[in-house]
Amino acid sequence: MHADGTKLAEQADGGLRESLYRRMLLIRRFEERVYRLFLEGEIPGTLHQYQGQEAVAVGVCDALTRDDWITSTHRPHGHALAKGVSARSAMAELYGKRTGCCGGKGGSMHLGDPDVGMLPAIAIVGGGNTVVTGLGLAMKLRRRDQVAVCFFGEGATNEGAFHEGINFAAVERLPVVLVCENNLYGASTRYSRVALVPDVAERAKAYGVPARIVDGMDVLAVRAAARDAVAAARAGAGPTLLECKTYRFTGHSRSDARGYRTREEEARWAARDPLLVLGASLNEATRGHLEAEVKGELDDAVEFARDSPFPEPGDATASVYA
Amino acid sequence: MPEAVAAARRLTIGEALREAIAEEMRRDPDVFLLGEDIGVEGGFGGAFGVYLGLVEEFGHERIIDTPISEKVIAGAAVGAAVLGMRPVADVQYADFLFECMDELVNQAAKLRYMSGGKIRVPMVMRAPVGATTRGAQHGQCPESYFVHVPGLKVVAPSDAYHAKGILKSAIRDDNPVLVFEHKLLYGSKGREAAGGLDLTAEVPAEEYLVPIGKAVIKRPGADVTLVATHVSLYRSLAAADLLARDGIECEVIDPLTLLPLDGETIFGSVRRTGRLVVVHEDSLTGGWGAEIAARAADECLSYLEGPIKRVASKDAPAPAAPVLEQAVLPQVADIVAAVREAVA
């Protein structure tokens, strides 16, 4: 585990802690709101929710600039909001509206926006692990001071794409950071059932890639590790793998009743809720103020999404080709 | 072929492709190459020598030798293309494209659409096809799998002039383009398996482009339309020679692009001749010939005077033994027989 979170929290200045907390809170409340709207039939499709993992998206994206890029997964809402997709734009996309970040063509599993440095999320497990090397390669060939980050789950490390991607990134010393969100379960399957190596970080050694295990419930710990990895990538030192130990508080998708894990295990992780871990260092008035701000932002986002027009059916075949 | 070619030379397809790549790399610093064994000193210049000599001019930064990792070759091409580079990636044998179906079908073809049209994926993937007594896993013609994918473009040049011009167009295209080349057509000597053909063609020294999406009438004829690519195109031309002796005039069309198909040229011809035979080395069932046949039935039915015929490899993997391989592949005699049925 990384250095003690509380100590880091004390070191971080109040403004930073507030800002990180607000971003995590926005994701948490966004997800809760979206879930309700989904049950009420306002939002179509399916949902893979991010509650519990907020510290990873926010901690990593805080170490990036707008010019840096991320790839995401089938669980992209948190990544999108953390990288700078507005709540309005993300919400409208979930509603299938023309004003959404993908014009309604992406939906929940493909949230993204090149304007903020985020590819449409790739919902094939491991899919981002090869594509991110191309982002890094372009940055390297153009000698741009940019970094490409790939978010993926521990489940992706059993895909061939993970192994081809990390090896190529290492061999070419690409400005890439590989962020594994190890939330213990690939859908319902526990990682220990499908890998004899307990830590994903161990796998990086096979490719000569430095790796760190990070407390994924502590945004300051994630941020500190990400800043080191990003700095190394920018300096031309090649990729780093960060294994963020985390937990999704919800089921895998909307229909998952979580019968494969115990309520005791869930309670243990809930006690380490990233909002509690960081929130402990903020006073109640500040937290209340941020709650109100986030509520206002989400009320506005929902209103915007509801009021936005649907795409024209004729748009369905547009943008297949450039 | 253009008229008044000032300094026409005869080039092989391999030489023509190399020229296309070199010209585009000189013209645009964003063009770079990605593949296995393509820039190694003392190496092969790619599996079929197309890249020989390029690394000396362009260096290893722009000619990147990858691990044997087709998923990352295609995925890296996708990612680099998203950021505006123009990667020309290749796999040594088209059979290996199945290693990177996710990157091609789920990523390259769909990222633009999923983004609501905000991004472009201007990449090229070259892939050599064709049975050459290497057996079932180094001899497939998998064009049809990709013709089925909206978001991709698929081209299949069969001579040096068109190969050079269409590869240059593919590199400049803002979409993912798969370029299928036939292994027996690279060389100059006219290998026996390709029918001992002279495979060189006149290629002008000055720059030109061949558009994607435009078919070429290789031989005009009034009685039957023959659509074919690669080795099957040359066998169709040979069949047309034989049939002409009996007074059957074939219009032989090289579609050049399989996606998007040039319906105007192909079905315009079918409306004139009233008869259609499609020939390809890919196996019969679900091959791209079925798409052309279906569209002809849909768009030209009242013009048709005979059954639409497809000549293709038999529905079997490519066998290694030459005698078996030839039994699977479409032969000149098969094409002649199909045309006779079409005009009967």
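In this predicted model, 26 residues of domain 1 of chain B are in contact with 28 residues of domain 2 of chain B. Three elements give two or more residues each to the side of domain 1 that touches domain 2, namely helix 6 (143–147), strand 6 (153–155) and helix 7 (160–172) of chain B. Domain 1 of chain B covers residues 11–203 and domain 2 of chain B covers residues 216–343, and the centres of these two domains, taken over C-alpha atoms, are separated by 25 Å.

Between the chains, the contact takes 33 residues from chain A and 34 residues from chain B. On the side of chain A that touches chain B, the elements giving two or more residues are helix 6 (127–141) and helix 7 (160–171) of chain A, and helix 6 of chain A gives the most, with ten residues.

The table sets out the residue classes for three contacts.

| Contact or side | Nonpolar | Polar | Charged |
|---|---|---|---|
| Side of domain 1 of chain B that touches domain 2 of chain B | 14 residues | ten residues | two residues |
| Side of chain A that touches chain B | 19 residues | twelve residues | two residues |
| Helix 2 of chain A with helix 13 of chain A | eight residues | one residue | eight residues |

The last row concerns a helix pair within chain A. Helix 2 (residues 14–39) of chain A and helix 13 (residues 284–307) of chain A pack at an angle of about 45 degrees, and their axes are 9 Å apart; the two helices are therefore oblique to each other. In passing helix 13 of chain A, helix 2 of chain A makes a right-handed crossing. From helix 2 of chain A, the residues that take part are A:Glu18, A:Tyr21, A:Arg22, A:Leu25, A:Leu26, A:Arg29, A:Phe30 and A:Arg33, while helix 13 of chain A contributes A:Thr286, A:Leu290, A:Glu291, A:Glu293, A:Val294, A:Lys295, A:Glu297, A:Leu298 and A:Val302.

Helix 2 of chain A also holds A:Leu37. With 18 other C-beta atoms within 10 Å, A:Leu37 is partly exposed, because that count falls between the limit of 12 or fewer for an exposed residue and that of 20 or more for a buried one. When residues up to four places away in sequence are not counted, A:Leu37 touches A:Glu42 and A:Ile43. A:Leu37 and A:Ser86 are 49 residues apart in sequence, and their C-alpha atoms are 18 Å apart in space.

Conventions. Residues numbered from 1 in each chain as written. Chains lettered and ligands numbered in written order. Predicted model: local features only at pLDDT ≥ 70, side-chain atom pairs only at ≥ 80, totals over all residues. Axes fitted to C-alpha atoms, helices over the stretch in contact; angles between N-to-C directions. Helix = DSSP H or I, 4+ residues; strand = E, 2+ residues; numbered from the N terminus. Parallel < 35°, antiparallel > 145°, perpendicular 65-115°, else oblique. Left-handed = near helix turned anticlockwise from the far one by under 90°. Contact = placed C-beta atoms within 7 Å. Nonpolar A, V, L, I, M, F, W, Y, C, P; charged D, E, K, R; others polar. Domains from an automatic or database assignment.
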